[in-house]
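Subject: Structure handover

Hello,

Here is the structure I promised to pass on. My notes follow below it.

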Amino acid sequence: MNTYMPQPTSVHLPEPGKRRLDAAADQDGVAASAVAVRLIDEGLRMAEHPGVAFHDSPANGRVATLSNGPDIAEVIDVLTSLDARGEQRLAETAEWFGLNVSRIRVALDYYTDHRQEIDGQIDRRNREAAEHRGRDEVAR
């Protein structure tokens with residue numbers, strides 16, 4: 001006997017999120033509610049199991065994967081602080097973190113779409129680091 005019974009829940013999405021949800025549903029050829037259910041489930045699983053992410057697998061559909069690596073804000077902070085440009089900058093950042101350049105490109109693509117969010121994280125990290133340095137100097 002299947003004990004899974006869907007329960008209705010009302011969710012009000014900001015317009016940009018609704019547009020992305022609808023676009024994902026159109027791309028997958030499914031209802032927006034199906035995409036929302038999947039994303040909520042995956043998001044809760046990732047919250048319960050830090051370090052786990054999900055991706056599409058040609059053979060197995062959606063699969064859980066290990067998601068090891070630095071925060072995107074860390075990658076972008078290093079990337080933007082380097083003197084190198086272009087491909088050399090990407091290569092140096094990849095070497096700095098011990099990652100493949102393709103992972104740096106993923107971080108850069110995310111940054112391109114969510115620049116304000118990542119810049120805010122970098123600013124907060126830099127302020128916190130400055131505060132810690134100031135406290136350390138006073139303690140000496």
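**The core**

The largest nonpolar core has 11 residues in all: Ala73, Val75, Ile76, Leu79, Leu90, Ala94, Ile104, Ala107, Tyr111, Ile118 and Ile122. Four elements give two or more residues to this core: helix 3 (72–81), helix 4 (86–97), helix 5 (101–113) and helix 6 (115–139). Helix 3 contributes the most, with 4 residues. Please keep in mind that this is a predicted model.

One core member is Ile122. Leaving out residues up to four places away in sequence, Ile122 touches Ala73, Ile76 and Asp77. Two of these contacts, Ala73 and Ile76, are listed in the core as well.

**Helix 3 against helix 6**

Helix 3 and helix 6 pack with their axes 9 Å apart, at an angle of about 80 degrees. An angle of 65 to 115 degrees counts as roughly perpendicular, so helix 3 is roughly perpendicular to helix 6. On the helix 3 side, the contact is made by Ile72, Ala73, Glu74, Ile76 and Asp77. Helix 6 brings Ile118, Gln121, Ile122, Arg125 and Asn126. By class, this contact has 5 nonpolar, 2 polar and 3 charged residues.

**Helix 3 against helix 5**

Helix 3 also packs with helix 5, at an angle of about 95 degrees and with the axes 9 Å apart. That makes helix 3 roughly perpendicular to helix 5 too. Here Ile72, Val75, Ile76 and Leu79 of helix 3 meet Ile104, Ala107, Leu108, Tyr110 and Tyr111 of helix 5. What classes of residue make up this contact of helix 3 with helix 5? There are 9 nonpolar residues, no polar and no charged ones. The contact of helix 3 with helix 6, by comparison, includes 3 charged residues.

**Thr93**

Thr93 is found in helix 4. Is Thr93 buried or exposed? Its relative accessibility is 0%. Buried means under 20%, so Thr93 counts as buried. Not counting neighbours within four places in sequence, Thr93 is in contact with Val75, Val78, Leu79, Leu82 and Ile104. Of these, Val75, Leu79 and Ile104 are listed in the largest nonpolar core.

**His12**

His12 is located in the segment before helix 1 (15–28). With a relative accessible area of 74%, His12 is exposed. The cut-off for exposed is over 50%. How many residues separate His12 and His114 in sequence? They are 102 residues apart in sequence, and 21 Å apart in space from C-alpha to C-alpha.

**The whole chain**

The protein has 6 helices and 2 strands. From the N terminus on, the order is α-α-β-β-α-α-α-α. The radius of gyration is 20 Å, whereas the globule rule gives 14 Å for 140 residues. The value is well over the rule, so the protein is more spread out than a compact globule. The C-alpha atoms fill a box of roughly 65 × 40 × 30 Å along the principal axes.

Of the 140 residues, 17% count as buried. Among contacts with a separation of 6 or more, 27% are between residues 24 or more positions apart.

**Where to look**

Start with helix 3, which gives the most to the core. Then follow its contacts with helix 6 and with helix 5.

Best wishes

How values were computed
Residues numbered from 1 in each chain as written. Predicted model: local features only at pLDDT ≥ 70, side-chain atom pairs only at ≥ 80, totals over all residues. Heavy atoms only, no water. Core = buried A, V, L, I, M, F, W, Y, C linked by side-chain atoms within 4.5 Å. Buried < 20%, exposed > 50% of the residue type's maximum accessible area, 1.4 Å probe, protein only. Contact = heavy atoms within 4.5 Å. Axes fitted to C-alpha atoms, helices over the stretch in contact; angles between N-to-C directions. Parallel < 35°, antiparallel > 145°, perpendicular 65-115°, else oblique. Nonpolar A, V, L, I, M, F, W, Y, C, P; charged D, E, K, R; others polar. Rg over C-alpha atoms; globule rule 2.2 N^0.38 Å.
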